[in-house]
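I opened a fresh page for this entry. My plan is to go through the contact between the copies, then the annotated span, then the charged pairs.

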Protein chains: 2
Amino acid sequence: MIGSLNHVGIAVPDINQALAFYRDVLGAKDCTEPKVLAPQGVKYAFVNLPSGQVELIEPYGETSPIIRFLEKNPKGGQHHICFEVEDINAAKALMETRGMRVLGEPRIGAHGTLVVFLHPGDAGGVLIELMESHKTHQDSDKAC
Amino acid sequence: MIGSLNHVGIAVPDINQALAFYRDVLGAKDCTEPKVLAPQGVKYAFVNLPSGQVELIEPYGETSPIIRFLEKNPKGGQHHICFEVEDINAAKALMETRGMRVLGEPRIGAHGTLVVFLHPGDAGGVLIELMESHKTHQDSDKAC
């Protein structure tokens, strides 16, 4: 069912500072400019690696689900992991059949494809995002 | 400097139960049998995906660094992320030059190549592992 590990989501208090860390300290060479995904309450940017991605997410708006995470982890930290699936509706149905709590209906994620999240309480304490795979990156504005 | 996202490290209280979750619920088709890496105080197994890996780690021994993590996160959770580097000694030196605290000297990791960890307090709250890249997987005993 699950395909590739698409990205690791990392919550950060300041996305520009985080981008500077990945670019200037870790030496990443391909990062995208921060964009807002208002329905999910995040500002996000991708650090594109030869294989795999880091998704940096900063709270956006007063009801952002990231705010509470950062209250517990003021410096930031690993927030979710994202696996690719071929068909999000089929994946959601299969997960529910197997007793998983799926958080809400499929919605557009930062890559422009449909995503759902699985309840971390059913998944070994890990917030798992499932996303329909995509052929090309949606984010072309480069920050590094 | 950093290359591909090699794996996400997930701490688990019971590695066989975690493997069953990735295999039977998420549908992963390529997992390795648990092995012990005594010097690092972990029992580990890999979930190999078409691209990327999940490394499941269970505490091994009374001084395992994972014990405290699981006390705070009894169900388990995301523990570290691992990026590939070409030369671990050059990477360690560069990180120190850039003000990062590197935790100890390079040592053999679960893939059989040298690894170091960066202090999460210098890395946005994320425990980052750097590992020398490798051409083939060391773990061939399959659990799924």
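How much area is buried between chain B and chain A, and what part of it do carbon and sulfur atoms give? I found about 3,100 Å², with carbon and sulfur atoms giving 63%; buried area here is the accessible area (1.4 Å probe) that two parts lose on being put together, summed over both. I then looked up the main contributors, and B:Leu5, B:Leu26 and B:Gln78 supply 20% of the area that chain B buries against chain A, more than any other three residues.

I noted for the record that this is a predicted model, in which local features need pLDDT of at least 70 and side-chain atom pairs count only at pLDDT 80 or more, while totals for chains, interfaces and linings use all residues. Residues are numbered from 1 along each chain as its sequence is written, chains are lettered from A and ligands numbered from 1 in the order in which they are written, and side-chain values use heavy atoms, with hydrogens and water left out.

Next I checked the symmetry: a rotation of 180 degrees with 0.0 Å of shift along its axis places chain B on chain A at an RMSD of 0.0 Å, superposed by least squares on C-alpha atoms of residues with pLDDT of at least 70 in both. That is the relation of a two-fold axis.

For contacts (heavy atoms within 4.5 Å), I read 40 residues of chain B against 40 residues of chain A. The copies meet through the same surface, because 100% of the interface residues of chain B are also interface residues in chain A.

By class, I listed 21 nonpolar, 14 polar and five charged residues on the side of chain B that touches chain A; Ala, Val, Leu, Ile, Met, Phe, Trp, Tyr, Cys and Pro count as nonpolar, Asp, Glu, Lys and Arg as charged, and the others, Gly among them, as polar.

Last, I turned to salt bridges (a side-chain nitrogen of Lys or Arg within 4 Å of a carboxyl oxygen of Asp or Glu). I found zero across the interface of chain B and chain A, whereas the structure holds twelve over all chains. One that I looked up joins A:Lys92 and A:Glu105 at 3.4 Å, N to O.
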